[in-house]
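Student: I would like a close look at the sheet in this model. Please take me through its strands, what packs on them, and the loops and ligand shell around them.

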Amino acid sequence: MAPAQELRFDGQTVVVTGAGGGLGKAYATFFGSRGANVVVNDLGGSFKGEGQSTKAADVVVNEIKAAGGKAVANYDSVENGERIVETAIKAFGRVDILINNAGILRDVSFKNMKDQDWDLIFAVHVKGSFKTARAAWPHFRKQKYGRVINTSSAAGLFGNFGQCNYSAAKMAMVGFTETLAKEGLKYNILCNTVAPIAASRLTETIMPPEVLQALTPDRIVPLVACLVHPSNTDETGAIFEVGGGHMAKLRWERAKGALLRADESMTAGAIVKKWADVADFSAPDYPTGAANFLELLEDAQKLP
Ligand code: NAD
């Protein structure tokens, strides 16, 4: 990552989904102030995904324009992501950066979760990110440039009470991003995941006001700006926790593990005997693909 004082995005087009409030608004106004053409997408519904309105996106577009920036509104649901990208192409003739940010919550205990709570969360977070990214992808490939941010959550990475639908969808963003990163690399399309924590209508009822004060959405923006800027030429497929001024990369860790001969001696009892090794994280490695696991199996040839 090259050092840079003020990151500019002149001439680039940024699509920010769910940009009518919260984090999305912070991203959109930032990019608008740094020379980018901004597509401000927002369905304008409730945090549970009910209703719709053009107001949320319009307010942000007007704010960007009033400050001298360039922005256009789009009111489609991310489930129709191709229309959002169409808006970018029609208004600005290109798309360079996609921030998949739109989101809703349908929190309820696992025992009481209805099909609709599950399906709506997957429709917005997972299908919405897929549809929007798929529409932008051919443009990225053709111009050999693209930057994608997908939005995960601590609830996805670690689980959280009352959020099994949201957790599953947010973990899906990690796998989605890791594959896009692998497929996009040779076209200079870099894709990363952020797991933010910030004050917004999604968090205002679950955290005390003094904590929320330190967690403003604009604290998420600089890391995202670094990741989607042309000066980032190699950071891709990564997960970042970010909030309140702290940011850190996360990765997979594999324990030492046990290698047993793959014959009739490989019983449940034999595994129990080796359990300390299966769960031994004292000298971990950090896998990045299935090939890493297959290398471990090569050692099986050397077993006595
Ligand atoms: P927010 O409710 O303030 O913003 C989300 C925006 O997405 C809203 O303006 C909403 O109208 C829009 N939206 C919802 N469904 C849409 C759809 N189908 N199509 C288009 N727009 C739609 O919430 P936020 O906290 O700013 O959340 C932004 C993202 O960050 C979400 O993906 C959320 O899950 C994620 N996130 C937030 C936090 C946090 O601490 N705030 C933590 C983890 C993850």
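Tutor: What follows goes from the whole chain to the sheet, and then outward from the sheet.

This is a predicted model. The chain folds into eleven helices and eight strands. Its C-alpha trace spans about 75 × 45 × 35 Å along the principal axes. The radius of gyration is 21 Å, which agrees with the value near 19 Å for a compact globule of 304 residues. Buried residues account for 40% of the 304. Take the contacts between residues at least 6 apart in sequence: 67% of them join residues at least 24 apart.

Now the sheet itself. Eight strands form an open sheet with mixed pairing. The order is β3-β2-β1-β4-β5-β6-β7-β8. Its edges are β3 (70–74) and β8 (246–250), and each of these pairs on one side only. Neighbouring strands are turned by 20° against each other on average, direction ignored. As background, strands of a sheet pair through backbone hydrogen bonds, either parallel or antiparallel. Both senses appear below.

Start with β1. This strand runs parallel to β2 (residues 37–41), and four bridges join the two. One partnership to find on screen is V14 with V38 in β2. In a regular strand, side chains alternate between the two faces of the sheet. In β1, T13 and V15 point one way, while V14 and V16 point the other way. All four of these residues are buried.

Move on to β4 (residues 97–100). Its link to β5 (residues 146–151) is also made of four bridges, and the two strands run parallel. Here I97 has R147 of β5 as its bridge partner.

Two helices come next. Helix α4 (residues 115–143) lies across β1 (13–16), β4, β5 and β6 (189–196). Its direction makes about 175° with that of β4. Helix α6 (residues 164–184) also packs on the sheet, where it touches β5, β6 and β7 (239–243). The angle between α6 and β6 is about 160°.

The loops after these helices each hold a residue to check. K144 sits in the loop between α4 and β5. It is not a glycine, yet its phi is positive, about 50°. K144 counts as exposed because it has 10 C-beta neighbours inside 10 Å, and the cut-off for exposed is 12 or fewer. N188 sits in the loop between α6 and β6. N188 is not a glycine either, and its phi is about 60°. With 16 other C-beta atoms within 10 Å, N188 is partly exposed. That count falls between the cut-offs, 12 or fewer for exposed and 20 or more for buried.

Now go to the β8 edge. β7 and β8 pair in the antiparallel sense, over five bridges. F240 stands opposite K249 in β8. The two strands form a hairpin with two residues between them. In that turn, G244 has a positive phi of about 60°. How many of the five residues of β8 are buried? The number is zero, so β8 lies largely in the open.

Set helix α8 (residues 221–228) against that edge strand. α8 is mostly covered, with six of its eight residues buried. These are V221, L223, V224, A225, L227 and V228. Their cover includes helix α1 (22–33) and the strands β4, β5, β6, β7 and β8. So β8 helps to cover α8, while none of the five residues of β8 is itself buried.

Last, the ligand. Its shell holds 33 residues, and the closest are G18, G22, G103, S153 and S200. Two elements, α1 and α4, give two or more residues to this shell. The largest share, three residues, comes from α1. By class, the shell has twelve nonpolar, 18 polar and three charged residues.

Two helices link these views. α1 is part of the cover over α8 and gives the largest share of the ligand shell. α4 lies across β1, β4, β5 and β6 and also gives two or more residues to the shell.

Terms used. Residues numbered from 1 in each chain as written. Predicted model: local features only at pLDDT ≥ 70, side-chain atom pairs only at ≥ 80, totals over all residues. Rg over C-alpha atoms; globule rule 2.2 N^0.38 Å. Contact = placed C-beta atoms within 7 Å. Pairing = 2+ DSSP bridges. Axes fitted to C-alpha atoms, helices over the stretch in contact; angles between N-to-C directions. Near = placed C-beta within 6 Å. Nonpolar A, V, L, I, M, F, W, Y, C, P; charged D, E, K, R; others polar.
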